[in-house]
Amino acid sequence: MSVSATSHLSFGGPDPERIRDRLPFLIRRNLTMRGVRAFLESRGCVEVETPCAVPVPGEEVHLLPFQTERETPDGQRQPLFLHTSPEFAMKRIIAATGLPLFQFARVWRNGEASGTHAPEFTMLEWYQPGMPLSGLMDETEALLKAVLPPVVHRNACTLDLSQPFERLSMEEAFRHHAGVDLLPTQGNAQALAHAAGCTLRDGEHWEDLFFRLLLERIEPAIGQTRPTFLTHWPASQAALARKDPTDPRVALRFELYAAGMELANAFEELTDPVEQRQRFTHDRAERQQLYPTRPTWPMDEKLLHALPHMPPCSGIALGFDRLVMLASGARQIQDVLWIQD
C-alpha cells in the first residue's frame, strides 16, 4: 500500500486531496484501534479518560511540554500544561481501584517532528496490576500478533511475526553489538568511551555517550527481522521503574523495537513514594541545569500520595500511530494522521 500522488481531481484545495489519498491508511487506523480495544477489553482492562491540560505534565528531563492556562470564573489564572503522558493520572486511578486500565491518549511533546515523530500524537497506555514485566512482554507480543499482519515490510526490514519476539537485556545488547561491558562503567564516561573504542565529545557525560552508542550501534542491529524487547536498562535510565531486586544496577524496564522504530516503553512500576520523590528531585535539578529557561511546575503530590496504595503493577506506553504505520505500510507518521495543521 502506498500513498497516491497522481490524482487530478479537485476537492477545493490540496488538503482534501491529501486526506483522500491517505484514506486507506486512515481506515486501517480505525480498524487497528478497534482491534486493540477488543484485545485489551478481552483481558479485563477498563478504558479510561484523563485530563489533557494538567498542572504537572510529567518529569522526563528532556521533554518540552506545551504550556497553557486555566482562567477561573473569578478571574484567577492557573498555569497548565498539555500532558506528555497520561501516566501520573492513570496511576492515581489504579491506586484508587486496583483495576487494569488502558487509554488512547492524545499527548503533546513540543519541538518533535520527523517521519516518526509528531508534536501531537496518540499514546496507547495500559497497566496490569499484579503482572510482572515478563508477563507484560508476553501480553504486548500477543497484542502485536493480533493486530498486525503476519509479515510486516517497512523500509529495508521484513518482520516475521510468526517467530517469538527477541528478548535482549541492555547488557547483552552492548556486549553483542558494541563490544562493551556496560554496567561496570555506569557514571564513568571515560571508562565507557575506552570500552567502546571511541572519543568523548566536549561536555559529553556518561548518559550522553550511552545514548549515542545506543543510537549508533544497538538500535540499527535490533528489531530488523522480528521485534526486539530491549530489557533491564541501567538504573539511572528508568526514573519510574523498580530496580531489579537481583541486581540493583539495572531497572525493570523494556523498550520494544520493530522495523527501525522504537514502538513502546514499559516499566515494572515503582510504588515507593520516598524513592520516587528523590528521583523526581534529581530529574528536576538536572532539567533546570540543562534547560534553565524552560517552564517549571510543582511536584505532583497527588501522585506521590497515591503510590503507597498502588498494587504491584506493570505499565506500558506504546506509540499508537507507529503501530498503525506497521499495520498499514505507511512510510511516515503524517500518513496515518487525519489532519495535520
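**Note on a predicted single-chain model**

1. Leu23, Ile27, Leu31, Trp338 and Ile339 make up a nonpolar surface patch whose combined accessible area is about 440 Å². Patches consist of residues with over 30% relative accessible area and no salt bridge, like charges being joined within 9 Å and nonpolar side chains (Val, Leu, Ile, Met, Phe, Trp, Tyr) within 5 Å. A salt bridge is a side-chain nitrogen of Lys or Arg within 4 Å of a carboxyl oxygen of Asp or Glu. Areas follow the Shrake-Rupley method with a 1.4 Å probe, and for residues only the protein chains shown count as cover.

2. The model is predicted: local features need pLDDT of at least 70 and side-chain atom pairs pLDDT 80 or more, whereas totals for chains, interfaces and linings use all residues. Residues are numbered from 1 along each chain as its sequence is written, and side-chain values use heavy atoms, without hydrogens and water.

3. The protein chain has an average pLDDT (the predictor's confidence in each residue, from 0 to 100) of 94, and 96% of the residues score at least 70. Residues 1–13 fall below 50, yet this stretch has 19 contacts (heavy atoms within 4.5 Å) in the model beyond near neighbours in sequence.

4. Ile27 lies in helix α2, which covers residues 23–42. Helices (H or I, at least four residues) and strands (E, at least two) are DSSP runs, numbered from the N terminus. The protein chain contains ten helices and 14 strands.

5. Of the 341 residues, 46% are buried (under 20% relative accessible area; exposed is over 50%, partly exposed in between; 1.4 Å probe, protein chains only).
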